[in-house]
Structures are given as C-alpha cells and as structure tokens.
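Me: I am new to this structure and would like a close look at a single part of it. Please take one domain and the places where it packs, and go through them slowly.

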Amino acid sequence: MNSVILQIAQRYVRFLLLFFAVIALLRGHNHPGGGFIAGLLAGLSIVMKGFAFDIEQVRRQMKLSPSGFIGTGLVLIVVSTLPSLLAGNAFMSGSWTTISMPLGVDLKLGTPLLFDTGVFFAVIGVTLMFLFSLTKSE
Amino acid sequence: MLLLLLIFFLLPLLMIRLPRFLSESRSLVFAAVQLGAFLYFLFCLNGVHSGGFIESVHPWIPELGINISLRLDTLSMIFGLLITGIGFLIFLFAHTYMKHYDGRGRFSIFLFLFSGAMLGLVLSENLVLMFIFWELTTVLSFLLISFFNEKGEARKAAFQSLFLTGFGGLSLLAGIILLGTVVNSYSVTEWVARADEIRESREYLPGLVLILLGAFTKSAQFPFHFWLPGAMQAPGPVSAYLHSATMVKAGFYLLARLSPVLGGTSEWVYIVSLAGVLTMLTGSYLAITQRDIKGILAFTTINALGVLVLLMGIDTGLSIKAALLFLFVHAFYKAALFMVAGTIEKKTGTRDIALLGGLRKQMPLTFIFTLLLVLSMAGLPPMLGFLGKELIYEAKVQLPGISAVVLVLGVISNIFMVMISLLFVYRIFLGPAVKSPKVPDERGTMLILGPAILAILSLFLGLFPGILGNTLIESALSLIRAEELQVKLKLWHGFNQVFFLSLFTIIAGVSLFMLAVRRPQFLAGWTKINERIFFIRPADVFEKMIDGFVRFSDRNTGRMQHGYHRWYILTIFVFSAGNIWFQVIYTRGWQTDAAFSLQPFYISGLVFVIIAATVFSTLSASRIATIVALGVIGYGISLIYLYYSAVDLAITQILVETLIVVMFVLVLQRLPKFAKLSTRRAKWRDLLVALFFGSVMTVVAIKAIHLEFSQSISDYFLEKSYLEAFGKNVVNVILVDFRALDTLGEVVVLSIAAMGVAMLFTFKKNKA
C-alpha cells in the first residue's frame, strides 16, 4: 500500500497510540486499562506503521524481536515475584512502596505494576509474532 | 556395603573406554572384583551368623519413606555368596567364551552391572529400593539377551522377557505401595514386625496377588514360564548366570524375604503351591522333548524354579529348609551345566542334540564333570542334589492335607528329571558318535574351570553337608521361620518312606531312560503327542497379544489423529458440548422466570444486529464481507459489555477485534481463492453441531445466573481490592494481584501459542 496521507498521519497517530498505551498501563490499577489493553494498543501502533509502509521493512527496523519482547515480559513478571519471596510473604503477594516526588505528589509503586508491565511487553511480543509470521514473505 | 555397591556400579563406568591391551582383560578384572566381594561376604559370615546383621542406612527421600538402607543378614548372605561366587566363575568363563565376539566389552560391562543390580536387590532392606534394583535386573537382562541383536530371534526373545518381567515389576511396585499404605512404611523390618496388621488388612489379598505376579514372572512360573526358553538366545555366560543361578531366583528370594509377612495364610499356600506344582510339572515334562541342549536346561530350570516356589508355598519349616538347600543344589549344577552347554556349542558349533554324540573321547574332562553335575540334577547319591531331593520328599511327606497330590506330582516330575539327566549325558557324551559341524577338542582350560569347581563342590558338600547346613541354612531359616528346627543334613537316613520314594523315583527314571534309548520311536512318539496336546504355545499367544495390542493402538491412533483440523474441531465441540449438557441437566433445578427480563430496547436491537451479522457471515459469498460481519459481531458484543459496565472487557474486546480485522486485511491477498467447498450435507451437519454447542453455552449462561453458591467470591474481591491491593479497578487487581499466578500462566500460554504460530509458518516455508 502506498498512501502518502497514511504515511504522514501514522507518525502522529502512532505516537498517540503509544502514549495512550502507556497511560492505560499506568492507570490500570485504578481505572480501566492495564497491561493487556496497553499491550494491544502498542501492538496496534506497530501494525499501523506496517500498514503504511511494508511489514517486512517494519520487521527489519525493530530493535527488539517479537521473541525478545516476550522474553522481556516474562522476565519482568518473574522479577515482580521476587520481592514477595525475599520478604517471606506468600508467593506473588504484592509489595508496595511510596516514593515522595517533588511538588508534593506521592507516587505509589508496587510489584503489580511491574507485573502488568511484564504482561504489556509479552502481549506486544505475541501480537508482533502473529503479525510477522502471518505476513512473512515467501 | 554401600561402598561395595558403588564399586559394582562405578567400576564399569570407568572401564567403558580402555586402551586396547587393557580392554581385553576387562572380564578378568571383573572376575577379580567378584572374588573380592565373595571373600568380603565370607569375612562377614561370623557377624551375620545366628541372627545378626550388618546394616547401612543413608537417607534418600525420607519424606516418602524411601531410604538407601542395606542389610546383610543370612538370607542376603546366601544370595550374595551365590551371586559373587558363581559370578567369579562366570567371568572367567566369559573371558574365554566371548573372546572372538564383537562387543564383548559392552557384554562384560552389562554382565557386571547386572551382578551389581542383583546384589543391590538382595541387600535392599527398603522395598522401593529393592524394586529399583529389580527393574535394573530386568533391563540388563533385556540388554544381555539381545546381545546378538542382529538376530531377529534374539530381539524377539529379549522383548518378550522385557515385557513380561517388566509387567511383573510394575505389579510388584503396585503391591509394595498398596501394602506399604497399611503400615506406612516400605521397610521390610517394619513389615515383618507388623505382619499381623498386613495380613488382616483389606489390602492383603490384592497386595499379595500383585507381589506374587512380580515374583512369578521373574521366576518364570507357569503360565509366564515361556520367556525363559526364549532367553536362551543369549550368549552362554548369560544363560549360566542370569537364567539359572541368579536373576530367575530373584522371585524366590522375594517370596522367602516376604513370607514372614505374607505367608502363613491359606491364600498364600494355595496360590503359591499351585503355581509351583504346575511349573514343576510343565518344566520337567517339556524338557524331555527338547532338541536344543540349552532348551533342555531351560526347561529343567523351570522345573527347579517350580520346586522352589512350591516349597515356599508349602510353608513349613522343613519345606523352607529344603528350598534353601535346593537353591544351592540347583545353582551349582545348573550354572555349571549351562557353562558345559556353552562349551559344547563353542567346540562343536551346534546346540542340536541330534547332531551331538560320543563326545566323551574328544572331551573326557568335560564328560566326567558333566556326569557328576547330572547326577546332582537327577538327585542321585552321593551328590548334593540327592540331599536336596530327600529333604524335599521329606517336606512333602510331612505336609498336612494336600500332601498326597503334591507328593505324587513331585515324584512324577522327579522321575522325568532322572530320565532327562541320563538322556542328557547319554546323548551328548556316550551313544554313537555323530558328525558335528566342528570337530571338538578340549583346549582352553578356562572353559572347564567353572563346571569343574562347581561339580567338585556339589560332590564335596554332598559328602559333608554339615558345612552348608550349620553355617548358612539354619540361620537363614530362623529369619524366615521363628521356630527352631533341627534337621541334620546327611546322606543316609535309613529305610524310611522317603528312602523308598527315592528308590522308586530312580528305578522308574532309569527304566524310562532305557526305554527311550532302546526304542528311539518312543521319544519321537512322545514329541508328536506333545505337539498335539500343546498346540497352543504361550509364547505365541503372548506374541499375538502384543501384536494385537500394537495393531489396535495403531488403528486407534490413526482414527483419532487423522490430521484433519475440521474433524478435530468437530470432535472437540461435540464431545465437550455433550459433557456440558449432561452436567447442566443433572445440576440442580431449572428456573426460567427471571431469565428473560426486559432489557432496554437498544440492547435488544444490538442483539438482533449481532445475530443478523452472524447469519450474514455464514452465508456471504465474499471474504471481505465475512470479515466485516465478524467485526460487527465483535464490536456489538463489546457494546453489550460496556452497557453492563465491564469497561476493561469492552476495551479489550474492541482492541482484539480491531487487531483481527487489520491482520485479516493484511494477509487477505495471500489467501487462496474464496470458495465454498462444503457439500450440502456437511453444511447441515455443521449447523447441527453449531446449534448443539451454541445452545449449551446459552443454557450454561442462563443457569449461571440462578445457581447460588454459598459464598460469592466477587464480594470478597470488591471488599479487599482497595484495602489490601491498593487498586480501585477490581478487574485489574484480580488480574495482576489476586490471581496473578493465573495471569502468569496465561501469558506463558499465549507466548507458546505465538511461537507455535511462528513455527507453523516457518515449517511450511521450509517444506516449500
């Protein structure tokens, strides 16, 4: 496909999609969103680029392969379980810490966020893997 | 003791690769180790004598009651001495016997490992440990029988023995575990201490049967006896070691070891002695008509194993004493005779008794020793075999109840044994000379060494039986039977019932032998009658069973794994829908009132749109239209989610739908031409299956509303979500916190699915 409009537009739309993906990931714990949704959004942003140009080209430009994404995700998930193990709590129970930020904002960070980030990466990887293997040129 | 076992298992590993000049003497090294172990056991004799034991316990899996606990008492001592003593002679024999075979290194390593496994078996105090060694002997026996693996017969025989004894081993394990649950232990000592509990438990009979199956298959009891003649495909040393002196005695060892626990009941007496009697008769009867000299020995071994098991089944102090004595008797003469058979095969190039004859001139030494051994086998004085037979008769005479039957059958089988023994010597060494494939000679002293030593031992112990009786048998007996039993072993008992039985046996056996020699047609006729009677051969039946099983599973697999995706899906849908229907119908009652309450009109409208899109997607003639219709269905469903405030679900659904549609579009141009391939009938069938499956999902959904569980978990989640997991979005908290493990599993599954897809496409590409 060779549409100039799409090629130009996708830069901004893609950025927006990625932006929303990160937002969805971060707000997921309290509002609709979460790692899965964020992963799908991010995946879609890459699909969009593929639409505008050529999937093969996108595949070559990716810094991280789909299996790399999946691996990163799984590693993050496993890492997120370590604090509970080290603290001697039940396996996978969430651990939280509060970091005071400037401007008087308290940022609550916990292992569930890390876990969700892992899901995020894994879902991106899975989406891309489907995409690339489906459209692989013969 | 653990060290001893470790030597037996590690040494062969170290000796796998050796420089050439060393590798030729591998067997000699092994023989030396056997001798060392034999001396070690003799050295321990004083400590073990009169009820003592040497123990060595190392925890392995204590949580399950499985420990490496080894115990050397007199019973294990008897077997240990036999294994290492005969092992020593066998390795010397094998050194010469195997000289010109390829793979003799592999052979001696397997044989040595086998002796280690056998030692482990008799030394184990823990039954699970014993089972492990038991299975090791099975596997090594398989490897040794199939040594000439280029011969189809050998492979077949090896598989047969593996299947049978493997099956026996598994049922033994089941029996051990079953009875182990009664006393919560796998330790023999514990079992013996709480024998009454085991005997009175509900599990006793099934456990007994399972354990006996193990013992009977290993010891080649009727109707499992047929693997042993087949195992004669193995090289000579293997037959002499495994299939006469040691491995086949493992079943007997198990019976002896567990008889204080399992014995003493009428079930034990009947099952065990029945198996023993049948085996005894089958063995001696079929041995007469064998033409293969190893076959003759194999069937007489079956007879001997039957006698041993029968004596355990009779289960009196005297009978067990007779069994222990007979164990020695048989191990001595049979191992030696197998070595003789191996020598003859080697020297003459044949095992067919019709091609042998008059060998006494060429092989005088072998002849003399064979004569001695055969006298022992026939139970003639002054050999050890005579003592054994006398004691067996005595045990049978004193048997209460069924003694008459057992005695008569025992006498018959012994008459056969006398006849076979004489025939064996006569046809090979005496008789008219027959031209064999090779001209025999007697070079290679190593070959005659083993039979010579064993023959002389048989004679010596027959003359001075006290040595064996006082040191080993009496004290082993006290392990099995608590009662004191003073039966002196001696050659001459005086003119009593047993003496006349012996006399009758010998006279009848000799006259049968004369008849067979004078009139050759007598044996030929016998063979013919036998073939008529035994036209069903258990080995063939077994083989057919295995073949049938393989064919059955092959056909079954073909039917199930046909490779057609549509049939897989169909099967899964029909099967699971049927199951769920069944479950739905049988779970609680029905309630229909609240199920169809009125919804806002736009939701009803949405449902109609979805249904219309569904119908359209199945009917449409254009692929794009179908994809779009599927998209409509997906988006419609997400709107319904949204209406019932499942926001996360709705978003996910929309995104997934989008992705699917986008991907479809991307691959659209690569797909083959859109065509309708299904026939009319196939379509109707698919419609029915779809309705069947769809309806069950509907019913489940309706039913789910009505089923009231005692506690709904949603309330718990709603309550704890913010307080404990600091999240207001309950769906997300469930995913990443409450049920994080599930999510982890799902992510992994998803990743594997993705890799599967990638593999599928790569595969296709490679193929093209």
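Reply: What follows is a walk through domain 1 of chain B, its side towards domain 2, and a few residues and contacts elsewhere in the chain.

The model is a predicted one. The domain assignment divides chain B into domain 1 (1-262), domain 2 (266-543), domain 3 (564-708) and domain 4 (711-768). Between the C-alpha centres of domain 1 of chain B and domain 2 of chain B there are 23 Å. Where these two domains touch, 50 residues of domain 1 of chain B are in contact with 50 residues of domain 2 of chain B.

On the domain 1 side of chain B, the helices that each supply at least two residues to the contact with domain 2 of chain B are α4 (74-97), α10 (204-218), α11 (227-230), α12 (236-245) and α13 (250-262). The largest share of that side comes from α4(B), with 13 residues. Sorted by class, the side of domain 1 of chain B that touches domain 2 of chain B has 32 nonpolar, 16 polar and two charged residues.

Two of these helices, α4(B) and α12(B), also pack against each other. Their axes come within 8 Å and cross at roughly 165°. An angle over 145 degrees counts as roughly antiparallel, and α4(B) and α12(B) are therefore roughly antiparallel to each other. The crossing in which α4(B) passes α12(B) is right-handed. From α4(B), the residues that take part are B:L82, B:I86, B:G87, B:I90, B:F93, B:A94 and B:Y97, and they meet B:G236, B:P237, B:A240, B:Y241 and B:A245 in α12(B). By class, this contact of α4(B) with α12(B) has ten nonpolar, two polar and no charged residues.

Next comes a helix pair that joins the two domains. Helix α10(B) packs with helix α14 (residues 266-287) of chain B at an angle of about 20°, and the two axes are 11 Å apart. Angles under 35 degrees count as roughly parallel, so α10(B) is roughly parallel to α14(B). The crossing of α10(B) and α14(B) is right-handed. In α10(B), the residues B:L205, B:L208, B:L212 and B:F216 meet B:E267, B:W268, B:I271, B:V272 and B:A275 in α14(B). The contact of α10(B) with α14(B) has eight nonpolar, no polar and one charged residues.

Back within domain 1, B:G175 is found in helix α7 (residues 152-183) of chain B. B:G175 has 25 C-beta neighbours inside 10 Å and so counts as buried, the cut-off being 20 or more. Leaving aside neighbours within four places in sequence, B:G175 is in contact with B:G207, B:L210, B:I211 and B:G214. For a sense of distance across chain B, the C-alpha atoms of B:G175 and B:D715 are separated by 49 Å, with their positions 540 residues apart along the chain.

Some details of the backbone are also worth finding in the model. Most residues other than glycine have a negative phi, and most peptide bonds are trans. B:F222 and B:P223 are joined by a cis peptide bond, with omega about 0°. B:P223 is found in the loop between α10 and α11 of chain B. B:N184 is not a glycine, yet has a positive phi of about 60°. B:N184 has its place in the loop between α7 and α8 (188-193) of chain B. With 9 C-beta neighbours inside 10 Å, B:N184 counts as exposed.

Outside domain 1, B:S645 also has a positive phi, of about 50°, although B:S645 is not a glycine. The loop that holds B:S645 lies between α27 (623-643) and α28 of chain B. B:S645 has 9 C-beta neighbours inside 10 Å and counts as exposed.

Last is the contact with the other chain. Here 35 residues of chain B are in contact with 38 residues of chain A. In chain B, α28 (647-667), α31 (730-738) and α32 (740-767) each supply at least two residues of the side that touches chain A. Of the side of chain B that touches chain A, α32(B) gives the most, with 13 residues. The residues on that side divide into 24 nonpolar, seven polar and four charged.

Notes. Residues numbered from 1 in each chain as written. Chains lettered and ligands numbered in written order. Predicted model: local features only at pLDDT ≥ 70, side-chain atom pairs only at ≥ 80, totals over all residues. Domains from an automatic or database assignment. Contact = placed C-beta atoms within 7 Å. Helix = DSSP H or I, 4+ residues; strand = E, 2+ residues; numbered from the N terminus. Nonpolar A, V, L, I, M, F, W, Y, C, P; charged D, E, K, R; others polar. Axes fitted to C-alpha atoms, helices over the stretch in contact; angles between N-to-C directions. Parallel < 35°, antiparallel > 145°, perpendicular 65-115°, else oblique. Left-handed = near helix turned anticlockwise from the far one by under 90°. Buried ≥ 20, exposed ≤ 12 C-beta atoms within 10 Å, placed from the backbone.
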